[in-house]
Amino acid sequence: MRGNGLEASGGRVLVIGVGTSGCRIAGFMQQREVDAKYMYASLDEEDLFGKEGGLNMSGWDDSEVQRELEAVSRGSSTAFVVAGLGGSSGSYLAPRLAKACSANDLKTISVLLLPFKYQKWMEYRAGVALEKVRKHSDGVLTVDREQFVEESVEELPLNRLYEMIDGRVADALEALLIGGTGRGQAIELRKLLKMMESGQATLEVRDLSGGFDEGLASLVRRAYSMGSSEVDEVLIYSNGCRPITFDQARFSSEGLKGLLGEETRLHYGSKLTERRSSVIAMIASLKRTTKLRVYDPVAEVLGDRSLDDDPEQGLDIDLGIPSLD
Ligand SMILES: Nc1nc2c(ncn2[C@@H]2O[C@H](COP(=O)(O)OP(=O)(O)OP(=O)(O)O)[C@@H](O)[C@H]2O)c(=O)[nH]1
Ligand SMILES: [Mg+2]
């Protein structure tokens, strides 16, 4: 097991895989022996196949989820809730698990995969789930699945494409959890949490089949397309046998500062592992006002207000109707 450099700050990270993608991503990380505690939850028995301690949470209420989490999270102070949104299991269970994590005083980082653009019918559910998860998380990291279509050259069958995506996300998350080895420079989770203070960040991952510089250039282009008014802070890091060199950091930071503005804070990191392949990833923390592609239309209407649990109270909004007494 590789250490995750977080022990000093309070125990092992708890990684919770939720639904098909979440369970697969967490499963990849566990297979690769990333030192963390693992928990798997779904409404679909198939997602839990071969996962020790996998929980079919169909029919569980909030208090059952919370009790389970209390037992599993003993000795951990940070949790990663990993889920794909837009389907059933992830959208339904991720908010509940995030809520249970924060109720157990865990620093909660939720990693949420957004549906493809063509899956319009999933957007509403994904948006609502995202908003709910956000309410219970210290930081939300969204991964737009669309990024993997734009750069995928070969035609993959759908299930292989999903598996490839989940593998890349696992590669990127792994680097946040394993401590710096050899020449690698540790990416501190604390820094990541600080970056996410505004509440949201996005993760972009590139494999290096087109070369390291092309991967890096693709990330820089992506940051640019997000726009300087949206991006607060950027972390670029690699995981695998290829570290980011000083020159690459210097050139890309000149480019990024030129595109995003001098005041944009940039961080670089590399995790060196024995693996032959590498990925390069970027986490961009976004200003609170940034609208993601998938958003909750209800939250949009309510703004800072929220619906009362007690429906009679209603909303304190002047409807402009003259009183009829
Ligand atoms: N065909 C296929 N689709 C997947 C796969 N993984 C994710 N998806 C799609 O992504 C959506 C949401 O992500 P998932 O991680 O699967 O979420 P889920 O909670 O398991 O969703 P459901 O399976 O619909 O309950 C799903 O509804 C599927 O459309 C996969 O391995 N194969
Ligand atoms: Mg599923």
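Here a colleague asks a modeller how the terms used for this structure are earned.

Colleague: What should I know before we start?
Modeller: This is a predicted model, where local features need pLDDT of at least 70 and side-chain atom pairs count only at pLDDT 80 or more, while totals for chains, interfaces and linings use all residues. Residues are numbered from 1 along each chain as its sequence is written, chains are lettered from A and ligands numbered from 1 in the order in which they are written, and side-chain values use heavy atoms, with hydrogens and water left out.

Colleague: Why is strand β4 called largely enclosed?
Modeller: Buried means under 20% relative accessible area, exposed means over 50%, and partly exposed is in between (1.4 Å probe, protein chains only). In β4, residues 78-84, 7 of the 7 residues are buried, so the rest of the structure largely encloses the strand. Strands here are DSSP runs of E with at least two residues, helices are runs of H or I with at least four, and both are numbered from the N terminus.

Colleague: Which residues of β4 point which way?
Modeller: Thr78, Phe80, Val82 and Gly84 point one way, Ala79, Val81 and Ala83 the other, and all are buried. That fits a general pattern: in a regular strand the side chains alternate between the two faces of the sheet.

Colleague: How do you know that β4 pairs with β1 and β5?
Modeller: Pairing takes at least two bridges found by DSSP between two strands. Strand β1 (residues 14-18) runs parallel to β4 and is joined to it by 5 bridges, with Leu14 opposite Ala79. Over to β5 (residues 107-114), there are 7 bridges, again in the parallel sense, and Thr78 stands opposite Lys107. Both pairs pass, then.

Colleague: What makes the β-α-β unit right-handed?
Modeller: You look with the strands pointing away from you, and the path from the first strand over the helix to the second must run clockwise. The unit made of β4, helix α3 (residues 89-103) and β5 is right-handed.

Colleague: What surrounds ligand 1?
Modeller: There are 14 residues around ligand 1, and Thr20, Ser21, Arg24, Ser89 and Gly90 come nearest. To be near, a residue needs a heavy atom within 4 Å. Helix α1 (19-31) gives the largest share of that shell, 4 residues.

Colleague: How do you know that Ser89 makes a polar contact with ligand 1?
Modeller: The cut-off is a pair of N or O atoms within 3.5 Å; within protein, one must be able to donate a hydrogen and the other to accept it, and residues adjacent in sequence count only if both atoms are side-chain atoms. A polar backbone atom of Ser89 is 2.9 Å from an oxygen atom of ligand 1, so that pair qualifies. For Arg145, a polar side-chain atom lies 3.3 Å from a ligand oxygen.

Colleague: Why is Ser218 called buried but Asp207 partly exposed?
Modeller: Ser218, in helix α8 (residues 212-226), has 14% relative accessibility, so it counts as buried. Asp207, in strand β7 (residues 200-207), has 23%, so it counts as partly exposed. Each also has a side-chain polar contact: Ser218 with Arg206 at 2.5 Å, and Asp207 with Arg168 at 3.2 Å.

Colleague: And what about Gly255 in helix α9?
Modeller: Gly255 has 29% relative accessibility, so it is partly exposed. Its C-alpha is 9.5 Å from that of Arg221, 34 residues away in sequence.
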